[in-house]
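Trainee: I have a model open and some questions about it. Can we go through them one at a time?

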Amino acid sequence: MPASGPAFPVLGDTMEDAAQQADVKLGQPDFIQFKDVTKKFGDFTAVQNVSLDIREGEIFCLLGGSGSGKSTLLRMLAGFETITDGRIILDGEDVAGVPPERLPLNMMFQSYALFPHMSVERNVGYGLRRDGVPKAEIATRVAETLELVKLTDFAKRKPSQLSGGQRQRVALARCIVKKPKVLLLDEPLGALDKKLREETQQELLNIQRTLGLTFIIVTHDQEEAMTMADRIGVMNLGQIVQVGPPRELYEQPNSLFIADFVGALNRFDGVVTSQVGENAQVRVQNGMTLKILSPYEFNEGERVKVTARPEKLSVFPADSNEAPTARNALQGQVTFVGYMGDQTDYRVMLDGGVEVKITEQNHHMSTKIAIRTGDKVRVDWPARSTALYSA
Amino acid sequence: MPRFLKISLWIGMAFLYVPIFVLIIYSFNSSRRGSVWGGFSTHWYGELFRDEKILQAAWISLKIGVYSATGATVLGVLASVVLVRFGAFKGRRLFSSLVSAPLVMPEVITGISLLLLFISAEQFLGWPAQRGILTITIAHITFCTAFVIVVVQPRLADMDSSLEEASRDLGAGPATTFCLVTLPIIAPALMSAWLLAFILSFDDLVIASFTSGPGATTLPMLIFSKIKIAVSPDVNALATLIILTVGIALTLVMLGLRKGRKQ
């Protein structure tokens, strides 16, 4: 009974939720189509055979590290890079060879790219003037848009007299005043501090909903992608590795790469010692045995990788009377306690010689508050919250 | 050690600027003989403005300066755009070295080669029919362009290219983008480049001497011909005025470059 082909994860406890996530707004499902798109710079392949459909009205995040090709993909769609191979179709029309000024989309640049010699008002009106919109209409639309982004009082200022957050809103206003079908956002929150970023995320989502725009966001920040996106496409080395709603990527990653990239992870190398139905046993480092539920069948003796999210693990004092909450209950010693207010991060060296990360929500005062570095503890671990991958 | 540095600084500055100070002082000398101090006077400045020849030469130099600075700025900006914005096209390195070669080319060589060019052009094409303001201007544009590129290219390279992309994205074609976004942003550097080219053209003696013809005597050429006979005090006055003009222009160049960098 071989587990053939690519590694399949054990499903989390949340299969139903994944389906519930898919309440995507109605719209043309293939509004933007990438068909086998490849981009080469000389010998270097930046984007390789990417095929992807983006729905009208959805927020799609391209997530990846630097050099993953996500920005190049966006720039091809915006008309700034030629396409080496394949086709990009936007609302039924091939974008190849169309100069950026003719495409019905606008881009918000990472650096905001505000024109330093023009006032906020003139920056926002720039695109309308290029389209030959009548003067009176330009004035009204600019004023409306500035009100939408709460910058009415700053209309006469130069970009150099604005804060980072205000500049970001000018850049946004300059795009949406043109009423594009699609808004491309390149690391839109990258230059903002944490608090401002959360506010701005909310504002962006509100504007997206109000105007019914299609958003394509490029980011390297997985938290940003998770909170904003309807769907995420994770890129690595120029290829799309997995596309899906945030919850699907987190709970049902299609590979160890995704599991590791999206969220934190504990990893073990092991060998399957037995499997009866869904109940598998895996021997990992130093003779520890883990009990795992897996719908996929593995051979006895097969090498596997085992993963578990830190928040699925619980930690109890070793002398606690509480009964084990899960099938795996391992002994260990605390090596690190990081109290963050809402949650606490622990690191525990298991008696088997493997260190695991554990994240506990601090919803009530409990005996756990007394756990300190060096304490003997028990780590509980549901068999269902553990994933198996062929090594 | 700091004292040693201070002293060397002053010696160096003296070496550079004492001759110029002496010249300025002697321009207010009432004596006819340049080497003897005969008391303070502004007599020679008055003399200068009554001298038709000098005024005419100054007017010619001014015209040539404006024409060549303008021509060199246009060509220099075009070359800079090609060097900065067109990526690694074939022959870019060769082009880059060729446009900056005039910076280090001995003026005598530039002068002779241009003279030969103008003579043969006249023979085979019949144009330019006569050497004069036009030929000097062409000659000055050739070497001033190199200096314009030196000033404009780094400024253009510093400019965030996403500004131009944003303009395209918002619906402007490449030409509109260049006029409405690129040019205003590099304007301070353009002004500096224009003034620098103007100074270089206004000061030039060697290349102008080779490419000039009858009736086109520039100010430096006139000064040089005057001191070949004898150092006359009105030349000191003239030189002082030129130093003043160049000094003001250079200050503007520096201010322009600093403003450009700040943005």
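Trainee: How many of the five residues of strand E7 of chain A are buried?
Mentor: This is a predicted model. Buried here needs 20 or more other C-beta atoms within 10 Å of a residue's own. E7(A) covers residues 182-186 and is largely enclosed by the rest of the structure, because the residues that are buried number five of the five.

Trainee: Which residues of E7(A) are buried on each side?
Mentor: In a regular strand the side chains alternate between the two faces of the sheet. Both faces of E7(A) are covered. One side has Leu183(A) and Leu185(A); the other has Val182(A), Leu184(A) and Asp186(A).

Trainee: Which residue is the bridge partner of Asn106(A) in E7(A)?
Mentor: Start with the strand pair. E6(A) and E7(A) run parallel, joined by four bridges. Within E7(A), Asn106(A) has as its bridge partner Leu183(A).

Trainee: And in E8(A), what is the bridge partner of Val182(A)?
Mentor: E8(A) spans residues 214-219. Five bridges join this strand to E7(A), and the two run parallel. The partner of Val182(A) there is Thr214(A).

Trainee: Through which helix does the chain cross from E7(A) to E8(A)?
Mentor: The connection is a β-α-β crossover, and it is right-handed. The helix on that path covers residues 194-211 of chain A. Its name is H6.

Trainee: Which helix gives the largest share of the largest nonpolar core?
Mentor: Nonpolar side chains tend to be buried together in soluble globular proteins. The largest nonpolar core here has 133 residues, and Cys61(A), Leu184(A) and Ala197(B) touch the most other members. The largest share, 14 residues, comes from residues 174-203 of chain B, helix H8.

Trainee: Between which domains of chain A does this core lie?
Mentor: Look at who gives residues to this core. Both domains of chain A do, so the core lies between domain 1 (15-260) and domain 2 (266-390).

Trainee: Which residues is Ala197(B) in contact with, leaving aside its neighbours within four places in sequence?
Mentor: Contact needs C-beta atoms within 7 Å. With those neighbours set aside, Ala197(B) is in contact with Ser68(B), Ala69(B), Ala72(B), Thr73(B), Cys144(B), Phe147(B) and Val148(B).

Trainee: Which helix supplies the largest share of the side of chain A that touches chain B?
Mentor: The contact takes 16 residues from chain B and 18 residues from chain A. On the side of chain A, strand E6 (105-108) and helix H3 (120-130) each supply at least two residues. The largest share is three residues, from H3(A).

Key. Residues are numbered from 1 along each chain as its sequence is written. Chains are lettered from A and ligands numbered from 1 in the order in which they are written. This is a predicted model: local features need pLDDT of at least 70, side-chain atom pairs count only at pLDDT 80 or more; totals for chains, interfaces and linings use all residues. Two residues are in contact if their C-beta atoms, placed from the backbone, lie within 7 Å. A nonpolar core is a set of buried Ala, Val, Leu, Ile, Met, Phe, Trp, Tyr and Cys residues joined through C-beta atoms within 7 Å. A residue is buried if 20 or more other C-beta atoms lie within 10 Å of its own, exposed if 12 or fewer, and partly exposed in between; C-beta atoms are placed from the backbone. Domain bounds come from an automatic or database domain assignment. Two strands pair if DSSP finds at least two bridges between them. A crossover is right-handed if, with the strands pointing away from the viewer, the path from the first strand over the helix to the second runs clockwise.
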